[in-house]
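Q: Could you take me on a close look at one helix of this model and then show how it sits among its surroundings? I would enjoy a connected walk through the part rather than a list.

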Amino acid sequence: MTAPTKTPIAPRPLPRSPETRAIPVRSQGALRLWWYRQRRFRRPGVVIPGAVLLFMVLFSFLGPIVLNSPPPGTGNLSDYMLPMGSPGHPLGTNAFGNDTLSQLMYGGRTTLTVAVAATALGLVVGTVLGMIAGYFQTIAGPIIMRVLDIIFAFPDIILAIAIAAYLGPSMINAIWAIGFFSIAGFGRISRAQSLRVVPMDFVVAARSSGSSAPHILLTHVWPNIAGRVFAYALVGFGYAMMAEAALSYLGLGVPLPTPSWGNIIGSNQAYISTAPQLLYLPAICMFATIACVNLFADAIQEKRASD
Amino acid sequence: MLRMILRRLPQMLIVVLGVSFLTYSIMYVLPGDVVSTLLGDNYTPEAAAKLTKELNLDQPFLTRYVTWLGGFVTGNGGSSLVPPHQQVWDLVGKSLLPTLELLVIAEVFAILVAVILAVISVASRSRMVDRTIQAVALASNSIPGFVLGLLLIMLFAVQLRLVSPRGWVSPFGPGGSWAENISHILFPGIVLGIFTFPVIMRVFRAELVEQLDNEDYVTLARLKGLSGTRVIFTHVVRNSSFGLLTVVGINLARLIGGAVIIEAVFAIPGIGTLIKDAVVSHDTPTALVTVTVVAIFVVVMNLIIDVLYAVLDPRVRDAA
């Protein structure tokens, strides 16, 4: 007597997760391959802040061209302090009759440029110093670290105030001031990471085969620490934006005819009760940008931790 | 312990010397003629030559730095270049109280909020709660301090009229009392605390999670049948609080940087305002002494924290 044979359960098809999808090969087109490789970044945690950042950049750099708005300093005094929604001035005007929307867009240019340039300055100088400190651990390393300690013991904004006061308020000088104090952070990160990489076998091998120190640092150490350094650069970019805003607010950053998100807020502080939009609009721009940069940094670090 | 302190002293000295030297160099290259500023309408070539000699301005750079350093160590910081030419140490003394009050209130508030939120986010074991708390921390980490200050002034002082936008009332001046003083400084202190707590919270939360996941005593407590919440409150929070000490030390420079801005927003006559005004008006003696005092404060606080750490944690004590 044979038991009724059960129909074998067919294996359920695997869900179509990105991993089970056919992996494109190079012959199928570079674009598809690129799209596939970016799959892990197609998450709301990355896409939404990315989109907001892209919007802020486009708003600042292409906005004035697309909207054909007047330059920020050419307002008519008879249009002063228009409320939001006025004809021709959708976000109103300030005490000099300058269009607020235009001020925000041009201010974004200034703030973003200063923050990117200052972070780049800190990244290049700080990483070079940090890698040297991590590689030459006997003499140069401790000296560099003591110098970075000195910069670190200084509340950064005081240093920036001192440098900006010495050089005089201008956009370039704000970049120098903010870039200078961001050196210490990059130095510390890249030294810590170099200390991890330098004892590894491939560095020892390169050393014993006679490679020069600059060669080893560039071809062996840098590629292995670049990821962490760039992740920190995102955080540093947020700090740089805040520092620019703080300096401009104190009147030591970008000087007034050129708008920046910081000095728009600082120069309109007197209108806090009569025209609060002059304060909260640039504040929203700044907040959105910094928050999205931080979210982006978090998402990348999370991804790295789970890899 | 003593050995640890002794080993740290030279390092601290180097940092403090470095900071003062850096400031001295920056102020040295600042443009502007001190002598003609000081003399004003009384300017004559003879008077100028005499004052130059008095202020040691005819000496080379390094000599002047050493002279200044000697004066600083012996308690003679010189007098301010800005009328009414007060003694710098008097100025620093007057500005110390507002800044200290601000820092203490901010730090206490920040630690309280950070610990409470971190424990809630770990103990609740709810993804929603955790995410919400993280979002709040991210948000307050993304607002520049002065923007936060202005927005909160706008809300609480202008709209709701709950607090005064004026940040400082001296407890010794006419009509001033300690109650009045505290009630005014409390709001700026809390603003500074909101600005600082996310960093502390992040570290504390990470420490809590780390201890919960890896430490044997947690497993033991669990095996003995303690509930998750009990484990967190009776064991993990206490053991994680060491990490708090370190982050408070690292955060100090950032906190003081924030205080400079908050003092500017609320017009508080503290150390930050003193430094800012001194640097902007090229008042070298004041700027030098003030910045060096801040550097000494940061360095000494960090030493105290390291010592406390060693006192509390025998593993660190024995390693040192």
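A: Happy to, and one term comes up front: the bend at a residue is the angle between axes fitted to the seven residues ending there and the seven starting there. Please keep in mind that this is a predicted model.

With that angle in hand, look at helix α7 of chain B, residues 145-159, which bends by about 30° at B:Ile153. The helix has 15 residues and reaches 20 Å from its first C-alpha to its last, close to the 21 Å expected at 1.5 Å a residue. B:Ile153, the site of the bend, is also one of the buried residues of α7(B). The others are B:Gly145, B:Phe146, B:Val147, B:Leu148, B:Gly149 and B:Leu150. Just after the helix, B:Arg161 takes a positive phi of about 55°. As background, most residues other than glycine have a negative phi.

Now step back to the chain that holds this helix. Chain B has 13 helices and 0 strands, so its pattern along the sequence is α thirteen times over by the way helices and strands are assigned. Of its 320 residues, 35% count as buried. Among contacts in chain B with a separation of 6 or more, 70% are between residues 24 or more positions apart.

Another helix of chain B to visit is α10, residues 228-266, which gives the most to the largest nonpolar core, with 17 residues. That core has 135 residues, and those touching the most other members are A:Ala160, A:Ile161, A:Ile178, A:Ala246, B:Ala114 and B:Ile200. In soluble globular proteins, nonpolar side chains tend to be buried together. Take B:Ile200 as an example: leaving aside residues up to four places away in sequence, B:Ile200 touches B:Ala110, B:Ile111, B:Ala114, B:Leu244, B:Val247, B:Val248 and B:Asn251. A second, separate core of 10 residues includes A:Ile132, A:Ala133, A:Leu217 and A:Val221.

Back on α10(B), B:Gly228 is found in this helix. B:Gly228 counts as partly exposed because it has 15 C-beta neighbours inside 10 Å. Its C-alpha atom is separated by 35 Å from that of B:Arg254, 26 residues apart along the chain. In the loop between α10 and α11 (271-280) of chain B lies B:Ala267. Phi of B:Ala267 is near 55°, a positive value in a residue other than glycine. B:Ala267 has 12 other C-beta atoms within 10 Å and is therefore exposed.

Finally, let us cross over to the partner chain. In all, 35 residues of chain A are in contact with 38 residues of chain B. On the chain A side, the elements giving two or more residues are α5 (140-153), α6 (156-167), α9 (213-249) and α11 (277-306). α11(A) gives the most, with 9 residues. By class, this side of chain A has 28 nonpolar, 4 polar and 3 charged residues.

As a counterpoint to the buried residues of α7(B), helix α8 of chain A, residues 201-208, is hardly covered: 0 of its 8 residues are buried. Just after α8(A), A:Gly210 takes a positive phi of about 90°.

How values were computed
Residues numbered from 1 in each chain as written. Chains lettered and ligands numbered in written order. Predicted model: local features only at pLDDT ≥ 70, side-chain atom pairs only at ≥ 80, totals over all residues. Contact = placed C-beta atoms within 7 Å. Helix = DSSP H or I, 4+ residues; strand = E, 2+ residues; numbered from the N terminus. Nonpolar A, V, L, I, M, F, W, Y, C, P; charged D, E, K, R; others polar. Core = buried A, V, L, I, M, F, W, Y, C linked by C-beta atoms within 7 Å. Buried ≥ 20, exposed ≤ 12 C-beta atoms within 10 Å, placed from the backbone. Expected span 1.5 Å × (residues − 1).
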